[in-house]
Each structure stands twice: as C-alpha cells, then as structure tokens.
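Work through the exercises below with the sequence and the coordinates open beside you. Each task is followed by a solution that goes step by step.

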Amino acid sequence: MNTPMTIKEVEYEQPAEGAVCSTKHAWARVPPEPSPAERALLKDKIRRLLKEKNAVMVSHYYVHPDLQDLAEETGGIVSDSLEMARFGRDHAAQTLVVSGVRFMGETAKILSPEKTVLMPDLDATCSLDLGCPVDEFSAFCDQHPDRTVVVYANTSAAVKARSDWLVTSSCALDIVRALKDAGHKILWAPDRHLGDYIRRETGADMVFWNGACIVHDEFKALELELLKKEHPQAKVLVHPESPAEVIALADAVGSTSAILKAARELDATEFIVATDKGMMHKLRQLNPGKTFYEAPTAGNSATCKSCAHCPWMAMNGLADVARVLETGANAIHVDPAIIPRARQPIDRMLAFTAALKNGQPTGALVPHLGAA
C-alpha cells in the first residue's frame, strides 16, 4: 500500500487578458488501485472504524465506485453536493468522512461546526474554487454594489461568506428565477457556462465571474454531433457547466441528480452523457438494461486535458479513508469567525429548496428589494 502516487499535471485554458481568473495549472495525486485482496481488507477496516468512531461516509457521484458503494453499504449517502450538505447536517454521526473535493468538506463543517469532518486528501480541490480567490472576488463584488451576489457551491468558505445566496446546479434556476421576479440583478460566480445557461433560461440581469470547470469545459459540440450520428437513437444528457453549443444538443440538461432522473425516465435505451465519467457507475448500476456513452472531450478540434474525469475527485481512495478514520488526520477547519456569515447563504438555499420540495410558498424567502 506504499506505492508512490502518480502526479497528474492539468493545464488550464487561460482567460482573456485582463480577466480576473489567473489559475495556470493544477496537479493531483492519483492513488494506486488496490489489489482485490487489499480492497477487501480496506473495506472491512473502514466498516469497523465507522462503527467505532460514530462516523458516516458521504460520497459524491464523481469519486471512485468503491467509495460510492461503501458509503451506501454503511448507511451513508452517494449524492450531489446539495444532498451531501443536507445529509451531513441532519445525520446523528459526530464524524463525517467526505469523499469529494475540499469545498464539500468545508460546507459540511460550516453546517455542522461541532462535528469532525475528515477528507481522504485535503489537496483535493476544484478548478472553480481555485479560479475564484476571495480577494479578487471581493473586489469584483465591490464593483457591482447594486447586485445580489449568488455563488455556486464550488467555492471556498471565504467566497461563500462574501455572498448573499448559495446555489447548486439542481436549484440554481429556481432560486435565480425567484430573485429576478423579486427585482434583483445578479452577480454570478464562478462558472460562466452555468451562469450563462441560467441567464438564458430565466432572462435575469446577470454579470459573470470568468470561471469554468476543467471537466465540463472540455466537452465539444463537433465531436458530440459525430457521436450522435453513430448512435442516432441515443438521448444526450448534459450538465449545465458545459459550453452553450454542447447544451444546445441536449435532450435533457441538469444536475447530477437530474441526469440520473432523465436516464431513468426518458424513453430510450442509449444515452450520451456529458458530465464527469464518475457518474457512469451509478447510471449503469441503476439502469442495467441501458447503454451509456461518454460524451467526447477531444477529437479533431480539441486536445483532451481531463478526459472527462476531475483529477481532484480521483484523489479520493480507500486507503486514505481508512487512514483518516484511524488517525483523525485531514480534518477540515474553517475559520470560526466566518462560519456565521458563510452559513447564511447556505441556510437560505436549504430553506428555499426544502419549501420547494414540500410544495410550500417560497416568496417570503426571497424578499423584494428594500424589504429585507
């Protein structure tokens, strides 16, 4: 189990000169695959430690299938970031093991500051988070003081603390539409593709931070059209962090949970999926009679960088889950001074989505300008 980790270099598309995003590159340590015998031993050890430590696993759809399966087998959850936030807040366990990327661990800590939040690798981050440093973002907000600041979940605790609302891709349309109806103009960060999709769908007045997900930004419309010709019966499922020309080819656009729903409900047996290929495990698991193809990230017009899998999500592995449970290493810490302010936009999102889910009115949760 001491095999050295592979270092994976990830280049970034550079923004236009003068743009606020300055991230140039990132790297990720990819854990070696354990042998079948090692995998079985690690899973048994993790099951035992979860019971001993009063802990629960929370895994994202993009992490290794082993971590997804083990979370569900031990009473945890596999979900998108919104459900991860809810689950971690409401579960009785005093220790949360978050398999995902750093902003997910921070969100769990913000919502449950009294709990211990552990992550397999604290360096597992996100290109959207890296590309939105709080000092530059705060200056950008200061340039637009008349706008309501709405940030995507893929941001640091400090950026959340500078915002008015937090959203995920599963609730962004509903929240921004409600803000627009209440007369708000929006400052959106950090994903420009998701922001532009929301603007097109809602008609909201929005200005955008210049950020993009390194995975979804790579999906290519030209190659997707060619793949559609090879599989003419396939429906196309697209995450809205993808470029507009890719979204235009979709039969369904939505969050990870919405993609799962579309795969289950659409009248088709073949699907082309434009999101992180970590999703393929759950899609195939839940739809055994259906065929799923990865949307192309490379071809004649492109050079693949991430190959449709987040390099930081790939940093999560069984050995590190066992290690942090055993030692308490890799605990997430969020500055207590910013927790109350960072929690406010998260609580607003959770209250809004809970009301929506329960069929309750949401108008009072989004006051008109001047009413707050």
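**Exercise 1.** Determine which handedness the β-α-β unit made by S3, helix H2 and S4 has, and how S3 pairs with the strands beside it.

Solution. Strand S3, helix H2 (residues 65–73) and strand S4 make a right-handed β-α-β unit, where right-handed means that, with the strands pointing away from the viewer, the path from the first strand over the helix to the second runs clockwise. Helices (H or I, at least four residues) and strands (E, at least two) are DSSP runs, numbered from the N terminus. The model is a predicted one, in which local features need pLDDT of at least 70 and side-chain atom pairs count only at pLDDT 80 or more, while totals for chains, interfaces and linings use all residues. Residues are numbered from 1 along each chain as its sequence is written, and side-chain values use heavy atoms, with hydrogens and water left out.

Next, consider the pairing, for which DSSP must find at least two bridges between two strands. S3 (residues 55–60) pairs in the parallel sense with S4 (residues 77–79) over three bridges, and His-60 has Ser-79 as its bridge partner in S4. With strand S5 (residues 95–99), S3 also pairs in the parallel sense, over five bridges, and here Ser-59 has Ser-99 as its bridge partner.

**Exercise 2.** Decide whether the two faces of S3 are covered or open, and then list what Met-57 touches.

Solution. In a regular strand the side chains alternate between the two faces of the sheet. On one side of S3 lie Ala-55, Met-57 and Ser-59, on the other Val-56, Val-58 and His-60, and all of them are buried, which leaves both faces covered; buried means under 20% relative accessible area, exposed over 50%, and partly exposed in between (1.4 Å probe, protein chains only).

Contact means heavy atoms within 4.5 Å. Leaving aside residues up to four places away in sequence, Met-57 touches Ile-46, Leu-50, Leu-67, Leu-70, Ala-71, Gly-76, Ile-77, Val-97, Ser-99 and Val-321. Met-57 is also, with Ile-46, Phe-137, Trp-188 and Leu-283, one of the residues that touch the most other members of the largest nonpolar core, which has 116 residues. Such a core is a set of buried Ala, Val, Leu, Ile, Met, Phe, Trp, Tyr and Cys residues joined through side-chain atoms within 4.5 Å. Helix H15 (residues 339–357) gives the largest share of this core, six residues.

**Exercise 3.** Work out the strand order of the open sheet that contains S8, S7, S9 and S10, and identify the helices that pack on that sheet.

Solution. The order of the four strands is S8-S7-S9-S10, with parallel pairing. S8 (165–167) and S10 (206–208) are at the edges and have a single partner strand each, so one side of each is left without a neighbour in the sheet. Neighbouring strands are turned by 25° against each other on average, direction ignored; axes are lines fitted to C-alpha atoms, for helices over the stretch in contact, and angles run from 0 to 180 degrees between N-to-C directions.

Strand S9 (residues 186–189) is joined to S10 by three bridges, and Trp-188 has Phe-208 as its bridge partner in S10. Helix H8 (residues 172–181) packs on the sheet by touching S7 (148–152), S8, S9 and S10, and its direction makes about 150° with that of S8. Helix H9 (residues 192–202) also packs there, touching S7, S9 and S10, at about 170° to the direction of S10.

**Exercise 4.** Classify Arg-86 and Gln-344 as buried, partly exposed or exposed, and describe their surroundings.

Solution. Arg-86, found in helix H3 (residues 81–90), has 14% relative accessibility and therefore counts as buried. Its contacts, not counting residues up to four places away in sequence, are Leu-350, Thr-353 and Ala-354.

Gln-344 is found in helix H15 and, at 36% relative accessibility, counts as partly exposed. The side chain of Gln-344 makes a polar contact with that of Arg-341 (3.0 Å); this term denotes a pair of N or O atoms within 3.5 Å, where within protein one must be able to donate a hydrogen and the other to accept it, and residues adjacent in sequence count only if both atoms are side-chain atoms.
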